[in-house]
Number of protein chains: 2
Amino acid sequence: MTARAAATDVMGPPIGVNQRTQAQRFSAFKDALRERSLKSTSQRDDIARVFFANKRHISVEELYREVKQVNPGVGYATVYRTVRLLRECGLAAERHFHDGEARFENVEHEHHHDHLICERCGRIVEFANEGIERLQEQVAHKLGFVITRHKMEIYGVCPECRSGRVPRTASRRARDSSQT
Amino acid sequence: MTARAAATDVMGPPIGVNQRTQAQRFSAFKDALRERSLKSTSQRDDIARVFFANKRHISVEELYREVKQVNPGVGYATVYRTVRLLRECGLAAERHFHDGEARFENVEHEHHHDHLICERCGRIVEFANEGIERLQEQVAHKLGFVITRHKMEIYGVCPECRSGRVPRTASRRARDSSQT
DNA sequence: GCTATGTTGATAATGATTCTCATTTTCGTA
DNA sequence: TACGAAAATGAGAATCATTATCAACATAGC
């Protein structure tokens, strides 16, 4: 069950290798701005910093609220714009789970992964599984398709919710993910 | 490569066994109305008939336009309401692919399946794969989750688009699916 | 410091979907 | 077959997440 034995390891290789620190991601962001001749502003910096400091899978509204505490003048539109920027820089990944609003994932490593979502408490757990990826390739190949990307979400009930003790309240914080 | 050899058959069992005819689905719809003490109206009948006659994966707007040709008085809201009804009766399945609007799938059989979507022409192909399902179960189990449902979409380029000859124009008809 | 150019915040606009409500239909019953 | 309660309809308003608009305002290079 080491990271080596990926073929039979349902969890896949551990997520977390080759991570970039918050500071590294922040300076990658600044570099990206410079490269594109975009300007550095306090709003952008604050939004990016809050985003990088936050845990995974944050919605725009959540991010907006957190940024407000640091820099109350920031507008909604600017959060949207900056989040789009982060996406374009490869520092954020957009996800659409089954509840309307988009969530942005903090990209701190390069590993592809999918999601397991608790329908009770909203917790999001990430996983990677090479076997599934391989079968997807096979299916696509048989049908003559060349895969560009895929999306897989498993919905269910997490161990905490099943055991009766609700792990966190249904507040927006509850929707944050834990990492595998 | 028979329907039996599901474990190694990437396509899974053929979709199409135990199908219901259009007429059967229509009368199932009427039955469902009666069961719920809902009333039969010409609008509902027309919308349902058009929906059942149409091929798989139609959007509300497409359905609205087709219904208009049969019964020009029907309003947008009624199409939404009826489609919701069909969903509740298990005769339509709602899908959200990566283009904003929801599509409704004509449920004519009971087999679970996933989707392969061409990013060029929008074609949607269905497939089923037991191996993937099994691995999903394993992953969820390892993480202590009990699965309630899942969603898997593979995006890529279909054989026709890759071969250069565009199979259909980019019209809304192009988004209709072919069956495997 | 100055200026061209990019950025911001407030708000209007958008697109998909749902709600509201006055009017019309349906259907069990008399 | 006509009645009337209850449900359904259509038109448009409302909603929700997101994007566009635009005048006022910063930023970065000179």
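**DNA strand C and the nonpolar cores**

Colleague: In this predicted model, which polar side-chain atom lies 2.4 Å from a phosphate oxygen of DNA strand C?

Modeller: A distance of 2.4 Å separates a phosphate oxygen of DNA strand C from a polar atom in the side chain of one arginine. That arginine is also listed with A:Lys39, A:Thr78, A:Arg81 and B:Tyr80 as coming nearest among the 18 residues around the strand. The residue whose side chain provides the atom is A:Arg44.

Colleague: Which residues place a backbone atom 3.1 Å or 3.0 Å from a phosphate oxygen of DNA strand C?

Modeller: In chain A, a polar backbone atom of a glycine is 3.1 Å from a phosphate oxygen of the strand. In chain B, a backbone N or O atom of an alanine lies 3.0 Å from a phosphate oxygen. The two residues are A:Gly75 and B:Ala102.

Colleague: What share of the atoms of DNA strand C within 4 Å of the protein belongs to sugar and phosphate?

Modeller: The surface near the strand comprises six nonpolar, six polar and six charged residues, and α2 (42–53) and α4 (76–88) of chain A, with α4 (76–88) of chain B, each supply at least two of its residues. On the DNA side, the share that sugar and phosphate contribute to the atoms within 4 Å of the protein is 72%.

Colleague: How many residues make up the largest nonpolar core?

Modeller: Members from both chains, including A:Leu116, A:Phe127, B:Leu116 and B:Phe127, are among those that touch the most other members. Elements giving two or more residues to this core include β4 (114–118) and α5 (130–142) of chain A and of chain B. A second, separate core, with A:Val60 and A:Phe104 among its members, has 24 residues, while the largest has 31.

Technical notes. Residues are numbered from 1 along each chain as its sequence is written. Chains are lettered from A and ligands numbered from 1 in the order in which they are written. This is a predicted model: local features need pLDDT of at least 70, side-chain atom pairs count only at pLDDT 80 or more; totals for chains, interfaces and linings use all residues. Side-chain values use heavy atoms; hydrogens and water are left out. A residue is near a molecule or strand if one of its heavy atoms lies within 4 Å of it. A polar contact is a pair of N or O atoms within 3.5 Å; within protein, one must be able to donate a hydrogen and the other to accept it, and residues adjacent in sequence count only if both atoms are side-chain atoms. Helices (H or I, at least four residues) and strands (E, at least two) are DSSP runs, numbered from the N terminus. Ala, Val, Leu, Ile, Met, Phe, Trp, Tyr, Cys and Pro count as nonpolar, Asp, Glu, Lys and Arg as charged, and the others, Gly among them, as polar. A nonpolar core is a set of buried Ala, Val, Leu, Ile, Met, Phe, Trp, Tyr and Cys residues joined through side-chain atoms within 4.5 Å. Buried means under 20% relative accessible area, exposed over 50%, partly exposed in between (1.4 Å probe, protein chains only).
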